[in-house]
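This report describes a single protein chain, its division into domains and the contact between them. Please keep the sequence and the structure open while reading.

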Amino acid sequence: MLQVESIAKKFGKKEALHETSFTLDKGIVGLLGPNGAGKTTLLRILSTYYAPDRGSIRMNQLDWKKDTEKVRRIVGYLPQHIGGFPNLKAREYLEYMGVLRGLDTRQLSKEIPLILQEVNLEQHAEDLVKSFSGGMKQRLGIAQAILHHPALLLVDEPTAGLDPEERIRFRNLIKKLGQDRIVILSTHITEDVAMTCDQVLLMQGGTIQPYPSIEEVVSLAKGKVWELTTDVSTAEQIRTNPAALMTQHLQLDSSQVHLRYIAPDPLDSKATAASPTLEEGYMVWLNKR
């Protein structure tokens, strides 16, 4: 269990992370928020790269402040952009990262083939990193992050820039890794959270709100999502209504438009209530609707 109590972080006068507390159990947690929300700051604190200005973090009887070196042995971190070493082979890259972590070379010779198999890169152990696609590099990044079998895995925007096939492959890998550890998946892509995560931490402006399930976030938009097929003039009136938050605007033909929007009321007698999605629940929270 990961216990975060009253941590906060400032850079100069800017408060990047407001005081926050949450507790996480084994499974996959989506850290969902727009760019600049403070997600990377939180991950860097959890990875021990930054120290919080106040508060405490504990896991498996380890204290982040008192037991920093031991904590690093139980934390794996995949940053948004993995480092260079384009002229190393995948195996060599993992050997190098393992040595940096203090792992025994004999242990690495046994672990690396197994890790490469786990991330579906066993056929590319002798290929140069520079020859890898974006998705392959991300899977190699996960491989270096789990070399030491961490109890806590931190993953920062892992699917940004990946094509649909690679994104699905990566999500399946994260699901597998979340079966026996805590995985925190930081992203601004709601689909990734909906498809992989058990719990959600919503984040905006350095503030975090924990939700124990995807369904609880979805329920924030319950009774607030509407669909309507109407004429162009009416569609424009609704689109420009300050009470409406548009999630879909589809021109069917020269005279008809299909709308899906968030609003406290239907705004038109022909609008029908719709079942909300995670994205719409998130938008309700984000826009304080």
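The text goes from the whole chain to the domain interface and then to the last helix.

**Whole chain**

The model is predicted. The chain has 289 residues, and 48% of them count as buried. Its secondary structure comes to 10 helices and 14 strands. Taken along the principal axes, the C-alpha atoms fill a box of roughly 70 × 45 × 35 Å. Among contacts in the chain with a separation of 6 or more, 68% are between residues 24 or more positions apart.

**Two domains and their interface**

The chain divides into domain 1, residues 2-212, and domain 2, residues 220-287. The contact between them takes 12 residues from domain 1 and six residues from domain 2. Between the C-alpha centres of domain 1 and domain 2 the distance is 36 Å.

How much area is buried between domain 1 and domain 2, and what share do carbon and sulfur atoms give? The buried area is about 790 Å², and carbon and sulfur atoms give 75% of it. On the side of domain 1, T190, L202 and Q204 together supply 51% of the area buried against domain 2, more than any other three residues.

Polar links across the interface were also counted. The rule finds zero salt bridges between domain 1 and domain 2. One residue pair is in polar contact across the two domains, with both residues at pLDDT 80 or more.

Three elements of domain 1 each supply at least two residues of the side that touches domain 2. They are listed below.

| Element of domain 1 | Residues | Supplied to the side touching domain 2 |
|---|---|---|
| α7 | 190-196 | at least two residues |
| β9 | 199-204 | at least two residues |
| β10 | 207-211 | at least two residues |

By residue class, this side of domain 1 has seven nonpolar residues, five polar residues and no charged residues.

**Helix α10**

Is helix α10 mostly covered or mostly uncovered? Helix α10 spans residues 278-286 and is mostly covered, with eight of its nine residues buried. The buried residues of α10 are L278, E280, G281, Y282, M283, V284, W285 and L286. This buried set includes the acidic residue E280 as well as W285 and Y282. After α10 comes K288, whose phi is positive, near 55 degrees.

**Summary**

The interface of domain 1 and domain 2 buries about 790 Å², has zero salt bridges by the rule and draws no charged residues from domain 1. Helix α10 has eight of nine residues buried.

Definitions and conventions. Residues are numbered from 1 along each chain as its sequence is written. This is a predicted model: local features need pLDDT of at least 70, side-chain atom pairs count only at pLDDT 80 or more; totals for chains, interfaces and linings use all residues. Side-chain values use heavy atoms; hydrogens and water are left out. Domain bounds come from an automatic or database domain assignment. Contact means heavy atoms within 4.5 Å. Buried area is the accessible area (1.4 Å probe) that two parts lose on being put together, summed over both. A salt bridge is a side-chain nitrogen of Lys or Arg within 4 Å of a carboxyl oxygen of Asp or Glu. A polar contact is a pair of N or O atoms within 3.5 Å; within protein, one must be able to donate a hydrogen and the other to accept it, and residues adjacent in sequence count only if both atoms are side-chain atoms. Helices (H or I, at least four residues) and strands (E, at least two) are DSSP runs, numbered from the N terminus. Ala, Val, Leu, Ile, Met, Phe, Trp, Tyr, Cys and Pro count as nonpolar, Asp, Glu, Lys and Arg as charged, and the others, Gly among them, as polar. Buried means under 20% relative accessible area, exposed over 50%, partly exposed in between (1.4 Å probe, protein chains only).
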